[in-house]
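Colleague: I'm new to this one, so could you walk me through it? Let's have the picture up first.

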Amino acid sequence: MVRKFFVGGNWKCNGTAEEVKKIVTVLNEAEVPSEDVVEVVVSPPFVFLPVVKGLLRPDFQVAAQNCWVRRGGAFTGEISAEMLLNVGIPWVILGHSERRSLLNESNEFVGEKVGYALSLGLKVIACIGETLQQRESGSTMAVVAAQTKAIAAKVSYWDNVVLAYEPVWAIGTGKVATPVQAQEVHLELRKWLHDNVGAEVAASTRIIYGGSVTGANCKELAGQPDVDGFLVGGASLKPEFIDIIKSATVKRQQ
Ligand SMILES: O=C(CO)COP(=O)(O)O
């Protein structure tokens with residue numbers, strides 16, 4: 001089973017209208033592998049989604065960084081899945097660790113969000129990952145399995161799901177997981193999908209890595225058999241994001 005390499009760029013809460021246009025210009029001018037080799041999805045803040053979608057090259061897609069857990073209404077400040085679809089946004093990142101920690105989004109709440117977004121036809125980058133304390137206490141797999149279980153309980157159509165393993169201790173720290181560390185968890189996650197969802201889903205679902213990915217470390221990570229791509233934060237705002245996209249060819253050479 002060949003899983004198409006996936007590279008997401010999570011711009012987080014960054015940028016001005018001018019800076020965003022500069023980033024899009026760099027992306028639009030880049031020479032990258034074709035769409036049948038790598039799927040590229042960039043995720044600007046909500047306010048810049050329409051302008052990025054309007055300017056971005058047609059072989060790249062856009063994602064929102066979050067959406068509300070049910071149909072819109074009296075939920076001040078929230079953005080609904082319906083609104084994203086209404087303005088032509090096909091992807092959404094859900095369950096990012098920054099939202100789990102800063103906004104107390106529980107496993108169950110993230111699972112509900114994933115289920116609702118998928119039910120409307122959105123494609124979802126579902127984020128999981130353990131903290132340093134959880135890793136050091138040896139509970140990494142227990143934590144990410146519980147997070148995945150809460151997501152899987154609400155997923156009936158896995159083709160529109162990309163699972164992003166983002167160890168919290170690697171996010172924004174420069175302490176990237178080693179290729180062995182990433183492969184170990186990705187393989188365990190694939191086994192979890194095999195045992196709890198099914199062999200076909202386990203074989204076909206992209207499991208991507210996020211946490212201090214850079215142009216310098218992406219190739220070795222991309223070479224791991226169960227690393228199907230990346231969810232990139234800081235480096236997605238820089239020209240080196242193009243190098244990370246190009247690491248998709250590492251897979252093709254295997
Ligand atoms: O959180 C991340 C992507 O969603 C990773 O962020 P960094 O690449 O900045 O570590």
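Modeller: Happy to, and keep in mind that this is a predicted model.

Colleague: How many residues does the largest nonpolar core have?

Modeller: In general, nonpolar side chains in soluble globular proteins tend to be buried together. Here, the residues with the most contacts inside the largest nonpolar core include Leu27, Val52, Tyr209 and Phe230. The number of residues in that core is 70.

Colleague: And how many residues are in the second, separate core?

Modeller: Ala63 and Cys127 belong to it, and so do Val162 and Ala164. The count for this second core is 11 residues.

Colleague: Moving to the ligand, how much of its exposed area does the protein bury?

Modeller: Start with the contacts: a polar side-chain atom of His96 is 2.7 Å from a ligand oxygen atom. A polar backbone atom of Ser212 also lies 2.7 Å from an oxygen atom of the ligand. On its own the ligand exposes 310 Å², and the share buried by the protein is 95%.

Colleague: Which class has seven residues in the shell around the ligand?

Modeller: Go through the classes: the shell has four nonpolar residues and two charged ones. The class with seven is polar.

Colleague: Last one: is Ser247 buried or exposed?

Modeller: Ser247 sits in the loop between helix H11 (240-246) and helix H12 (248-252). A polar atom of the Ser247 side chain is 2.6 Å from the backbone oxygen of Ile244, and Ser247 also touches residues including Phe5, Cys218 and Phe230. Because its relative accessible area is 0%, Ser247 counts as buried.

How values were computed:
Residues numbered from 1 in each chain as written. Predicted model: local features only at pLDDT ≥ 70, side-chain atom pairs only at ≥ 80, totals over all residues. Heavy atoms only, no water. Core = buried A, V, L, I, M, F, W, Y, C linked by side-chain atoms within 4.5 Å. Buried < 20%, exposed > 50% of the residue type's maximum accessible area, 1.4 Å probe, protein only. Polar contact = N/O pair within 3.5 Å; in protein donor to acceptor, adjacent residues only side chain to side chain. Areas by Shrake-Rupley, 256 points an atom, 1.4 Å probe, with all protein chains shown as cover. Nonpolar A, V, L, I, M, F, W, Y, C, P; charged D, E, K, R; others polar. Helix = DSSP H or I, 4+ residues; strand = E, 2+ residues; numbered from the N terminus. Contact = heavy atoms within 4.5 Å. Lists of a residue's contacts leave out its neighbours within four places in sequence.
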